[in-house]
Amino acid sequence: MPEAPKEIVPYDHEKKVMEEYNMYEKNKKTLEFIEEVTENADQVQKRVLTEILTRNANVEYLHRHGLNGATDRDTFKKLIPVIKYEDIQSDITRIANGDTSPILSSHPISEFLTSSGTSGGERKLMPTIEEELDRRCMLYSLLMPVMSQFVPGLDKGKGMYFLFIKSESKTPGGLVARPVLTSYYKSKHFKNRPFDSYTNYTSPNESILCSDSYQSMYSQMLCGLCQNNEVLRVGAVFASGFIRAIKFLEKNWALLAQDIRVGSLNPVITDPEVRAAVMRILKPDPQLADFIEAECSKDMWQGIITRIWPNTKYIDVIVTGTMAQYIPTLDYYSNGLPLVCTMYASSECYFGVNLNPLCKPSEVSYTLIPSMGYFEFLPVQRNVNGVTNSISMPKSLTEKEQQDLVELTDVKLGHEYELVITTYAGLYRYRVGDVLRVAGFKNKAPQFNFVCRKNVVLSIDSDKTDEVELQNAVKNAVSHLQPFGGTLLEYTSYADTSVIPGHYVLFWELSLNRSTSVPPSVFEDCCLTIEESLNSVYRQGRVSDKSIGPLEIKVVENGTFDKLMDYAISLGASINQYKTPRCVKFAPIVELLNSRVVSTYLSPKCPKWAPGHKQWCNANEER
Ligand code: AMP
């Protein structure tokens with residue numbers, strides 16, 4: 001007979017033990033799943049492709065290319081072209097206009113996910129189907145079991161994540177079009193997630209789902225401050241978003257501390273659901289208010305994150321790709337807390353996770369999870385300088401090149417590839433536009449460093465501006481100089497993130513008519529024209545998200561670009577091949593340019609932006 005317990009174990013204790021045991025079991029299963037799919041990566045890929053092609057055997061797109069129900073890799077690779085967005089734009093437009101026949105997918109298209117990658121200045125529309133949400137949730141569910149191998153005890157507190165929704169619109173055919181995260185936060189998968197100590201956030205759902213970005217940020221920050229000692233990890237999706245939150249605190253701490261002091265919410269927060277949700281958390285706490293005021297009123301904000309949220313173990317934000325520019329700022333605010341990049345995903349498909357989340361940002365690699373989609377790899381050609389060719393998408397591929405795309409398990413260590421995907425939602429051999437480098441393997445599955453997004457030269461937040469767009473925008477702007485006899489001799493650009501929000505800077509070297517001077521207002525018009533000419537993601541960042549500051553033109557002394565060339569040549573560039581870079585990042589070059597600035601001009605107002613595609617505006621207004 002079992003011995004009677006010496007002391008009565010309280011019910012709560014038993015419950016806790018049970019919960020911990022369940023979590024341990026769940027984590028174990030998740031890690032086993034990762035082992036299994038990475039060990040059998042090729043078989044899983046084969047199965048995924050067969051599944052996609054079997055269920056979509058009758059879709060118009062595959063018929064058009066003569067697949068005739070074949071589901072094997074060889075036939076697929078022989079018949080189905082490797083494509084870019086523009087190649088399926090007419091199919092997408094038909095779906096957007098209300099054609100519900102199975103064009104790309106046998107499953108009904110449930111909505112469009114609007115990518116931050118653009119085509120013709122507008123967000124690309126990625127068709128998705130209902131079940132993709134489950135697949136995305138599956139990828140999310142891998143993150144914490146992986147993380148807790150490295151940082152134990154994360155279930156004992158909360159995550160302070162700044163999460164936001166963005167505006168959505170309707171296509172003429174009535175499908176919703178919105179960013180993938182907005183779709184996820186608004187889904188029942190997120191809103192009704194069962195209580196789980198890993199998805200226990202300081203922000204109430206009502207704050208995350210509030211469409212007014214100020215009210216959303218204010219209430220999320222307030223709730224994060226109220227629960228400061230419970231917070232074990234902090235983050236946002238991208239580094240830029242998290243820094244924006246810290247800047248918000250810098251501006252608004254006095255108001256926030258006042259709310260905490262008296263236990264009532266500032267009347268500027270008018271959304272009734274947000275108010276009710278915050279009032280369930282907010283209690284008068286003069287001591288905490290004093291503490292916040294004391295910390296925030298210090299001149300130095302170095303280490304502010306660890307000072308206000310003292311139990312924080314890491315910052316969960318993406319700092320790979322263009323977001324790497326924010327690493328020094330995050331290090332400053334956090335006194336060097338680990339920066340953790342957990343996953344790699346896109347509107348088209350969620351790809352993979354970082355299995356070694358505490359590694360240095362420069363070493364982050366993502367293991368593609370083979371069950372998420374069918375992945376192929378296009379070897380990337382580098383030019384002689386070892387710089388990934390950045391001007392416009394390369395030509396269409398030859399038949400041989402299309403057939404020679406590399407399988408997931410055949411990529412070579414150290415080699416670079418462009419990612420090509422086939423998804424359950426109906427993209428077939430679609431070029432995502434990301435360049436990845438093989439950094440290692442988890443079992444048979446490769447792990448990739450994110451190298452860059454093809455062509456992107458400027459980015460502050462989720463905006464992605466390429467050289468061609470920049471060139472067109474500059475061309476439109478310089479027409480303002482013509483009446484004054486001014487011409488643009490050379491230009492380059494720079495994403496300045498030294499002040500938040502960051503902004504685009506253009507360095508211009510001009511030839512000016514000595515007898516007529518150009519009024520400052522003309523240069524300001526140039527700034528605005530550039531902004532008006534940039535894509536809708538940039539303009540949304542300026543207008544709605546306020547994540548991008550006014551564009552700046554810095555006119556430099558004559559001869560500056562010759563100096564730039566001299567400098568590049570002194571660093572080893574070939575004089576014959578030297579071309580003015582259309583974007584600069586290297587600090588000494590930025591310094592050189594800045595040291596020769598003669599005048600600066602800022603865009604005087606925001607460019608125009610409205611949700612949805614240009615061509616739908618009328619349709620949406622009618623609704
Ligand atoms: P979107 O389609 O707007 O969701 O943007 C997806 C793109 O964001 C990807 O194709 C990448 O270029 C970029 N991205 C997503 N996750 C990461 C990451 N972990 N590191 C670097 N870039 C990323």
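User: What makes Ser116 a polar contact of the ligand?

Analyst: In this predicted model, an N or O atom in the side chain of Ser116 is 2.5 Å from an oxygen atom of the ligand. The cut-off for an N or O pair is 3.5 Å, so the pair qualifies as a polar contact.

User: How do you know that Ser347 makes a polar contact with the ligand?

Analyst: A polar side-chain atom of Ser347 is 2.7 Å from a ligand oxygen. That value is within 3.5 Å, so this pair counts too.

User: Which ligand atom does the side chain of Tyr366 approach, and why is the pair called a polar contact?

Analyst: The partner is a nitrogen atom of the ligand. A polar side-chain atom of Tyr366 lies 2.9 Å from that nitrogen. The pair is within 3.5 Å, therefore it is a polar contact.

User: How much of the ligand does the protein cover?

Analyst: On its own, the ligand has 490 Å² of accessible area. The protein covers 90% of that area.

User: Which elements give two or more residues to the shell around the ligand?

Analyst: They are β1 (109-119), β9 (343-345), β15 (430-442) and β16 (445-453). The largest share, three residues, comes from β9.

User: Which residues come nearest to the ligand?

Analyst: Of the 15 residues around the ligand, Ser116, Thr320, Ser347, Tyr366 and Asp434 come nearest.

User: What is the chemical make-up of the shell around the ligand?

Analyst: Seven residues are nonpolar, five are polar and three are charged. Tyr counts as nonpolar in this scheme, although a polar side-chain atom of Tyr366 lies 2.9 Å from a ligand nitrogen.

User: Why are β1 and β5 called paired strands?

Analyst: Pairing needs at least two bridges, and β1 and β5 (residues 176-178) have two, so they pair. Their sense is parallel. In β5, Arg178 is the bridge partner of Leu113.

User: What order do the strands of the sheet with β1 take, and which are its edge strands?

Analyst: The order is β2-β1-β5-β4, in an open sheet with mixed pairing. The edge strands are β2 (122-129) and β4 (169-170), each of which pairs on one side only.

User: How do you know that β6 and β7 pair?

Analyst: Four bridges join β6 (residues 231-238) to β7 (residues 314-318). The requirement is at least two, so the strands pair. They run parallel. Phe238 stands opposite Ile318 in β7. Both strands belong to an open sheet in the order β3-β6-β7-β8. Its edge strands are β3 (158-162) and β8 (339-340).

User: What makes the peptide bond from Ile500 to Pro501 stand out?

Analyst: The bond is cis, with omega near 0°. Pro501 is in the loop between β19 (487-496) and β20 (503-511).

User: What is notable about the phi of Asn335 and of Asn455?

Analyst: Asn335 is not a glycine, yet its phi is positive, at about 55°. Asn335 is in the loop between α15 (327-334) and β8. Asn455 is not a glycine either, and its positive phi is about 75°. Asn455 lies in the loop between β16 and β17 (456-458).

User: How confident is the predictor, and where does pLDDT stay under 50?

Analyst: The chain averages a pLDDT of 93, and 95% of the residues score at least 70. Over residues 384-393, pLDDT stays under 50. The model has 18 contacts beyond four places in sequence for that stretch.

Definitions and conventions
Residues numbered from 1 in each chain as written. Predicted model: local features only at pLDDT ≥ 70, side-chain atom pairs only at ≥ 80, totals over all residues. Heavy atoms only, no water. Near = heavy atom within 4 Å. Polar contact = N/O pair within 3.5 Å; in protein donor to acceptor, adjacent residues only side chain to side chain. Areas by Shrake-Rupley, 256 points an atom, 1.4 Å probe, with all protein chains shown as cover. pLDDT = per-residue confidence, 0-100. Contact = heavy atoms within 4.5 Å.
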